[in-house]
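Reader: I am new to this structure and would be grateful for a close look at a single part of it. Please begin with the chain as a whole and then turn to one pair of packed helices.

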Amino acid sequence: MICSVKTVGITGINGAGVVAECYISNGLPGFDIVGLPDAAVKEARERVRAAAKNSGMTFPTSRITVNLAPANLKKAGTHYDLPILLSILAATGGIRRPRSTSAFLGEVSLDGQLRPVSGVLPMALAAKREGIQALFVPAENAAEATLARGPAVYPIHNVRELAAGLNGETVLPEEPIWVPARGDLCVPDFKDVLGQENVKRALEVAAAGSHNVLLIGPPGSGKSMLSKRLPSILPDMTWEESLEVSQIYSVMGLLTAKEPLVTRRPFRSPHHTISNAGLAGGGSNPKPGEISMAHKGVLFLDELPEFRKDTLDMMRQPLEDGQVTISRVVGAVTYPAEFMLVCAMNPCKCGWYGDPSGRCTCSDQAVRNYRGRISGPLLDRIDIVVEVPAVHFEDLRERAEAEPSAAVKQRVDAARERQHRRFGNDGKMCNARMGPEEMRKFCALDEESASLMKQAFDAMGLTARSYDRILKVARTVADLDGSEEILPRHIAEAIQYRAVNLGNR
């Protein structure tokens, strides 16, 4: 007796159709699962046997072979429990054979209850591509599965309930498509920050073009406070962006039944003790790292020189390509990593180098060693470097409220809208992602601007990458100014964001 039940597998954040084929034959009792299963899939043998018996169903004592096809795709995770169980029960006649347009996934407990699994959203999207019309998932994952807006989703609480539905004894209810609730997002606001107007301007430019930023200043100057308020001025996420980010969080098991969709831009702030795999992703079964968790959002690295140098240098390729590829013996997976890098650091080890109070105790060599922990190639990929001075007493005593984030966000949204109209349907959502062709077309300079750039190039010893990044920042400054052309004042502002000398080259 042979029976096949459709399900979905997942590699990275990409789903693929899988079929659980069950063959029951005569011979000594046995239960084998083949098709490149990992340890969690092999352990399904004991879970499905106990779940069937505790749900009042007969589990065969014959020889059982379950093949998860295609056999060349590695199978990982506990969501194969349900299709394995159904294929066995259908092969023995315990339940009616599921339709070929239906797919099943979920972990079964020993008493037959269905437990939620991770990665349901990318699997639901894969089921949609495979032409699946009905998707049966654990009840806690149902809202997440509806975001695919494809197959009808049926929430299942236990095996007994599913069997009754498949046999026609009851009608299983369909899960309505989840819609995010409208409401204001509680995020830190720029109105709480007194002073630091030059830094706020730099962050506004960075938000408008999705540029990478480095903030340098003494302790207590507000570097972290300003950085944590950056998401409040970033443009709202589109549906496509939310879906893309949610797939990553789904694979990590971070979505909930109440909030199955990521609706605000991520802000990730890992500690400086993070490992290479924690930042870029990895493991025996590769998982996304912090740079992928920050996709379409902000990756904030506080105390930048305290991070391991090799860990920081791992970001160089993702910063250019917008994705990271993790290769292992079992295969390679690619995760999206299009993030905005925001870093903060002290000017020296004690934090007070250059302060008028003269309290710095570091020697010049110590300062160079401290700043030298950040490699030149990584600094070359940072568009805006801005000094954050210590806050003056007069600023703290100022009673007038600072400009709120909502006002700044309006200007950022207007600049992004100009970029969307300019790039059309090419998928270039911001100036920081411009390629050589777009730069030739949209970053042309007049004679005066070109002369100013040449002076800066020679005086500052810029690289070709630095030159391109200054042009991109100048394009963003022009967009904020409402200008179609890059003027000398736009170039001058962009150049000043590269004028900070870190003294480590």
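**The chain and one helix pair**

Author: The accessible surface of the chain amounts to about 22800 Å², and carbon and sulfur atoms account for 49% of that area. The model is a predicted one. Of the 505 residues in the chain, 53% are buried. The C-alpha trace spans about 85 × 45 × 45 Å along its principal axes. The chain contains 21 helices and 18 strands. Among its contacts between residues at least 6 apart in sequence, 73% link residues at least 24 apart.

The part chosen for the close look is the pairing of helix H20, residues 464–480, with helix H21, residues 488–496. In general, two packed helices are described by the angle between their axes and the distance between those axes. For H20 and H21, the axes come within 8 Å and cross at roughly 125°. Angles of 65 to 115 degrees count as roughly perpendicular and those over 145 as roughly antiparallel; H20 and H21 are therefore oblique to each other. The crossing in which H20 passes H21 is right-handed.

On the side of H20, the contact is made by Ile470, Leu471, Val473, Ala474, Val477 and Ala478. H21 contributes His490, Ile491, Glu493, Ala494 and Ile495. Sorted by class, the residues in this contact between H20 and H21 are 9 nonpolar, 1 polar and 1 charged. The polar one is His490 and the charged one is Glu493, both from H21.

Terms used
Residues numbered from 1 in each chain as written. Predicted model: local features only at pLDDT ≥ 70, side-chain atom pairs only at ≥ 80, totals over all residues. Heavy atoms only, no water. Axes fitted to C-alpha atoms, helices over the stretch in contact; angles between N-to-C directions. Helix = DSSP H or I, 4+ residues; strand = E, 2+ residues; numbered from the N terminus. Parallel < 35°, antiparallel > 145°, perpendicular 65-115°, else oblique. Left-handed = near helix turned anticlockwise from the far one by under 90°. Contact = heavy atoms within 4.5 Å. Buried < 20%, exposed > 50% of the residue type's maximum accessible area, 1.4 Å probe, protein only. Areas by Shrake-Rupley, 256 points an atom, 1.4 Å probe, with all protein chains shown as cover.
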